[in-house]
Amino acid sequence: MAWNPYRAFEQDYTKYTAQDQLVWATLFERQIKYLHNHACDSYLNALEHVGLHPHAIPRIHDLNALLQKTTGFQLKVVPEIQPNAVFMEHLANRTFTATAWLRSLESLDYISEPDMFHDVFGHTPLLAEQTFANFFHHFGLLGQKYIDHPIAIELLGRVYWFTIEFGLVQESGQTKIYGAGLISSHGESKHCFSNSVVHQPFDIAAIMATEYNNTVMQNHYFVLPHFDKLLESLPEMEKIVQMAIN
Ligand SMILES: [Fe+2]
């Protein structure tokens, strides 16, 4: 990938080009039209609450000020995806490591690693939602506790994948998207409702027994009955981790 001047440990807003602004606006407008009917209310309400819109790339400083007043979560700008230990330690401290660079106009639909549209449009709104933020924080504490056990991190990685990235949730009798990998993907946010995939009720043991391939679209998804279920599943999650490492 070409070197980006704003791949750094802080957001330098002066480095964004007109094309970057166009990429943000294009991705945002295209995706929000679809999400109005397919994303959960918690995400849509939080998106509005944190003030994200298509007219300008968000300023991390402003988002942090808002998040501080809601759940106390913060974004820490990083140039690229972080090692597990760094990522988990930040989550345990209610901080989400997020990139501040954007994909190019030529690769709107595919990127090999998370950019700002994924990290900020996909993940940030739910960081302002109390139940979800608490789960994220406790998930980070678990990750930090078992960071020296590769098997534990593998199992927790599956939880992360099938919830925070590709999770679906029941809402008023309908299945809606909340996972950031789905929220930020034009293709997979549609694919996850196609006839070729399976929707399985949320089951933490089943999730932790399911391997995934991060280079293709998923063929099955786990559907939460409600967000509280994430927090309620933490003791069982840790029990499974302990059984795996002992
Ligand atoms: Fe992500």
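At 10% relative accessibility, His118 counts as buried, and this residue makes a fitting place to enter the structure, which is a predicted model. His118 is one of the residues that coordinate the iron ion, through its NE2 atom, alongside His123, also through NE2, and Glu165, through OE, at 1.9 to 2.1 Å. Along the chain these donors follow the spacing H-x4-H-x41-E. Because His118 lies in helix α5 (residues 116-127) and Glu165 in helix α7 (residues 150-165), this pair ties together parts that are 47 residues apart in sequence. Glu165, too, counts as buried, at a relative accessibility of 10%.

**Salt bridges**

Seven salt bridges are found in the structure, and the table sets out three of them by residue pair and by the separation of nitrogen and oxygen.

| Salt bridge | N to O distance |
|---|---|
| Glu238 and Lys145 | 2.6 Å |
| Arg158 and Glu154 | 3.0 Å |
| Glu171 and Lys176 | 3.9 Å |

The salt bridge between Glu238 and Lys145, with its closest N and O atoms 2.6 Å apart, links distant parts of the chain, since Glu238 belongs to helix α12 (residues 234-245) and Lys145 to helix α6 (residues 130-145), 93 residues apart. Lys145 is exposed, its relative accessible area being 53%.

The salt bridge of Arg158 and Glu154 is set within one helix: both residues lie in helix α7, four residues apart, which is about one turn of the helix. Helix α7 is also the helix that holds the iron ligand Glu165. How do the two partners stand with respect to burial: is Arg158 buried or exposed, and how does Glu154 count? Arg158 is buried, with a relative accessible area of 10%, whereas Glu154, at 41% relative accessibility, counts as partly exposed.

In the salt bridge between Glu171 and Lys176, both Glu171 and Lys176 are buried. For Lys176 the relative accessible area is 9%, so it falls under the 20% that marks a buried residue. Lys176 belongs to strand β4 (residues 174-177), while Glu171 belongs to strand β3 (residues 168-171). Leaving aside neighbours within four places in sequence, Lys176 is in contact with Asn37, His38, Ala39, Cys40, Gly167, Leu168, Val169, Glu171 and Phe193.

**The sheet**

Strands β3 and β4 take part in an open sheet of four strands, which has the order β4-β3-β6-β5 and mixed pairing. Its edge strands, each pairing on one side only, are β4 and β5 (198-201). From one strand to the next the twist averages 40°.

Taking the sheet from the β4 side, strand β3 is joined to β4 by four bridges, and the two strands run antiparallel. Within this pairing, Val169 has Lys176 as its bridge partner in β4. Strand β3 is also joined to β6, here by two bridges, and these two strands run parallel. Val169 takes part in this pairing as well, with Leu224 as its bridge partner in β6. The pairing of β5 and β6 is again in the parallel sense, over four bridges, and here the bridge partner of Val198 in β6 is His220.

Why can strand β6 (residues 220-224) be called largely enclosed by the rest of the structure? Five of the five residues of β6 are buried, so the strand is largely enclosed in that sense. In a regular strand the side chains alternate between the two faces of the sheet. In β6, His220, Phe222 and Leu224 point one way, Tyr221 and Val223 point the other way, and all are buried.

**Around Ser189**

A further buried site is Ser189, which lies in helix α9 (residues 186-191) and has a relative accessible area of 0%. The side chain of Ser189 is joined to that of Gln31 by a polar contact of 3.1 Å, and it also reaches the backbone oxygen of His186 at 3.2 Å. Not counting residues up to four places away in sequence, Ser189 touches Gln31, Tyr34, Ile177 and Leu182. Ile177 falls within strand β4, which spans residues 174-177, and Ser189 thereby has a contact with an edge strand of the sheet.

Note on methods:
Residues are numbered from 1 along each chain as its sequence is written. This is a predicted model: local features need pLDDT of at least 70, side-chain atom pairs count only at pLDDT 80 or more; totals for chains, interfaces and linings use all residues. Side-chain values use heavy atoms; hydrogens and water are left out. Donors are N, O and S atoms within 2.8 Å of the metal (3.2 Å for Na, K and Ca); water is not among the atoms, so sites may look incomplete. Buried means under 20% relative accessible area, exposed over 50%, partly exposed in between (1.4 Å probe, protein chains only). A salt bridge is a side-chain nitrogen of Lys or Arg within 4 Å of a carboxyl oxygen of Asp or Glu. A polar contact is a pair of N or O atoms within 3.5 Å; within protein, one must be able to donate a hydrogen and the other to accept it, and residues adjacent in sequence count only if both atoms are side-chain atoms. Contact means heavy atoms within 4.5 Å. Two strands pair if DSSP finds at least two bridges between them. Axes are lines fitted to C-alpha atoms, for helices over the stretch in contact, and angles run from 0 to 180 degrees between N-to-C directions.
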